[in-house]
Amino acid sequence: MRDAGLKVALAGRFRLALGDLSRAATLAPDDPIAAQARDLLEKYLQRQASIQADRTREYQYELDRIRWANLAQQYQSQLRAKPYAKALRKKIRTELRDAYHAIGTSEQIEESTAEEALKLRATSLEQIKKTRQAIRSAMALLKDSKGPFGDTFRAEAKTLETRLSACEKIWQGAKTAGPKDRWATARQLRAAEEQLADAMTDIQVMVVKDPWKVGLLRAVIANEVAPDKEQFHKTKLYRDLLQATEARGLKAIAQAKWYDALSAFAGLKELEPTNDDYRQQATRVGLHVRALRLYGGGNDDGDEDEDDDEDEKKDKDKSDDEEPDEIFWKQMVAGSDAQMVRRAISKIGTSYVKSPDYRLLTRGALESVKILAQTPQVAKTFPGLADKAKLGAFVASIDKQQEQLDKKKRVDHLDLQLALNRVIDSSEASVNIPLEVLVVEFADGFLGKLDRFSSMIWPQDVTNFNKSTMGKFTGIGVQITKERGKPLKVITPLLGTPAYKAKIKAGDLIMKVDGVSTKKLSVDKLVKRIMGPPGSTVKLLIKRRGVAEPFVVPVVRQDVHIRTVKGWRRDKSGNWDFILKNSSDKIGYIRITQFTGTTYRDIDKALRKIRQAGAESLILDLRNNPGGLLRSATAVADEFIGDVQRIVFTRGRSVPRNEVNSTPKGMFQQGDMAVLIDGHSASAAEILSGALKDYNRGTIIGQRSYGKGSVQNVIPVRSSEAYLKLTTAYYYLPSGRLLHRQKNSKDWGVNPDIDVYVTPRQMRHWLGLRRKTDLLQDVAADILDADLAAEYQADLQLGTAVLILKLKNLQAQVKSKSKPAPCVARGS
């Protein structure tokens, strides 16, 4: 019974196994293994039940928010007619919002000095009072309002007050003298401020301009977390939402309100992914939004609200001295030309994974250009489109091409080339859209019809593409973040980089880069200023907590290698410790964030450390890993798969079959493994996890992977200036199974052996803890231990992996005890 219970548990049927193991422990009270396995399962199932209850609560929460958003939408026209409507909106959207955002956060108090924390405490208490005053003033405006809207608003306002009081109590008792005091206060605040944020969102929905958008977003989340999706889809709430949203989307298209239309159909596509109408509408509207953002100034006049206060209207306008966050269209298309596109068309014909459907590609290219022309806001940038006669002639020429295309029995690459030439000629004769813009839109249009992963790498994209694929760049080695209108903030320096050597610290504010203020520049533009030739120097003006005046730090740029292999915690030197300290067993832990040219080298070092520490089991964490280089993934797989066995093979229309095999030289070909994957594990991460699954080399735990099993080759179309990234083959696992998710397919990616669902809120929680523990920062060991313990407790997928490895260890003990004793020869 004990052995059967262990076998059932290792298959992920934990509750059933608990019954067997409990009976086994009762029948054999002297059997420590049955008792240990029972205790492990009891503890795990308690934790699992708690997290599943959270999921149910999240689902009910989202259903309530859909109903409240619907209510707000229903009463919106009535509310606008009320004499207090404008005052109510201002109270909520300005006074309440501003006071709430001025309340200190758990992150701020944890990062502050003692003196800063005292000031933050005083400020937070004052702003809590102002927030309370604003909500009470808003309730006073509705004192005579009867009916569902007024009742719901008052109920939400009372909830907000209750949660404000909870935060206020924590701030009143906040201890700020030492780092541990501030850390303890931050821990208390986190749950309270999350609940307060929910309450703020709920009250704001009541007066937001488009409550239906909030309801749609909540429906997408509810659909994700629903314990029973089919049951959710049968509800009247869901069916009514689909009908109303579709109607709003179609109305928005008729009015050229592209953002509204995209909100509607993108949401519908998420809810009903197999609905072709929703999918096609979302694609078409997405092209309008792309045109609007790149060439139309970004505003479709669909987000202007007559009740916006002046500050909000100013926020929507770019100030004279502020550079926009969006990349200017001239920069994006610079260097692009028709010859690049012609070469790309030629390469598709010879190299694409399947025989191209040129009729579909040509339609996509023409539709893309037509949508650009028929996005009214683009006429501000390209005046020829404002001339109705010229616009009519240009659109008519595209329609004529489409009609001729429909009549043709056979369409090939020459027709696509011809369509490009005619579009260029027609534009020159009428609307005169810049050639660079035409070729970019035409190419992106037909490539979008191939698949999601084929695309042009235009001249302006080359640098960033090389940075992401090669795993290195020239710069200073620092992770940064930025809020609009505020200085650049350092998340963390990367170990061993110029920034690390220059003693840049997590939390530093970069006020200026080479004398240029960072407040009004976008992150992209600031990154370009910080990066530069190796050996050159960039001067950063740094503002640091606890230092009175900003100071200049000169940093010499060097080649920076992105570290893609991480462990469980950092040691005092900032290096990774690859042993999971939150387990009584000695378990190795390796997290791979992506596969680059340096990944295998770092994996080799990590495995050596794990072996030296005496660990016999390993957790390989591939969650949120988007993939990367095939040769890197197969080299890593070789460390775990014994003998000479197939790891992966590729097959395409025009490329020979390519097979990659393992060798018997891997460092961890013996020992238990658990592999963590999720819906963001893609490409190379799926190749590795899929091969390990096929050979039963490890237990796969988590959620089904993304399903990106296609090979993209990067083909030059203009020396080293521009490239075509083209799908040329598919990946197949050792079993022969196709990884790639194709249209309407039900089987794709890597399915876990043990499915462990994590809600978006739960994921945000433990990812937030992980980001914090990943940082290079000065922190007391016991604080780091507590943060890591919280991360471990919040991560049920990791907890499941630890459980499986502990159970495998118990099973191994059973097997070792059951082996017969060796025979010993006796002398006569």
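Guide: Two strands pair if DSSP finds at least two bridges between them. Keep that cut-off in mind. The model above is predicted.

Visitor: Why do strand 10 and strand 13 count as a pair?

Guide: They are joined over two bridges. The cut-off is at least two, so the pair qualifies. The sense is antiparallel. One partnership to look at is Lys566 with Arg591 of strand 13.

Visitor: What makes strand 10 and strand 21 the edge strands?

Guide: Each pairs on one side only. Strand 10 covers 565-566, and strand 21 covers 754-755. The open sheet has six strands, in the order 10-13-14-17-18-21. Its pairing is mixed.

Visitor: Which strands does helix 25 touch?

Guide: Helix 25, residues 599-612, packs on the sheet and touches strand 10, strand 13 and strand 14. The directions of helix 25 and strand 13 make about 170°. Helix 27, residues 684-694, lies across strand 14, strand 17 and strand 18. Its angle to strand 17 is about 140°.

Visitor: Why are helix 18 and helix 19 called roughly antiparallel?

Guide: Compare the angle with the cut-off. The two helices pack at about 165°. Angles over 145 degrees count as roughly antiparallel, so helix 18 and helix 19 earn the term. Their axes lie 10 Å apart. The crossing is left-handed.

Visitor: Which residues make that contact?

Guide: On helix 18, they include Arg359, Arg363, Leu366 and Lys370. On helix 19, they include Leu391, Phe394, Ile398 and Asp406.

Visitor: Why does the term also apply to helix 28 and helix 29?

Guide: Their axes cross at roughly 150°. That value is again set against the 145 degree cut-off. The pair is therefore roughly antiparallel. The axes come within 9 Å, and the crossing is left-handed. Among the contact residues are His765, Trp766 and Leu769 of helix 28, and Leu784, Asp787 and Leu788 of helix 29.

Visitor: What makes the reach of helix 9 close to the expected one?

Guide: Helix 9, residues 179-205, has 27 residues. At 1.5 Å a residue, 39 Å is expected from the first C-alpha to the last. The model gives 38 Å, which is close.

Visitor: Where does helix 9 bend?

Guide: At Leu189, by about 35°. That angle is taken between axes fitted to the seven residues ending at Leu189 and the seven starting there.

Note on methods:
Residues are numbered from 1 along each chain as its sequence is written. This is a predicted model: local features need pLDDT of at least 70, side-chain atom pairs count only at pLDDT 80 or more; totals for chains, interfaces and linings use all residues. Side-chain values use heavy atoms; hydrogens and water are left out. Helices (H or I, at least four residues) and strands (E, at least two) are DSSP runs, numbered from the N terminus. The expected span of a helix is 1.5 Å times one less than its number of residues. Contact means heavy atoms within 4.5 Å. Axes are lines fitted to C-alpha atoms, for helices over the stretch in contact, and angles run from 0 to 180 degrees between N-to-C directions. Angles under 35 degrees count as roughly parallel, over 145 as roughly antiparallel, 65 to 115 as roughly perpendicular and the rest as oblique. A crossing is left-handed if the near helix is turned anticlockwise from the far one by less than a right angle, and right-handed if clockwise.
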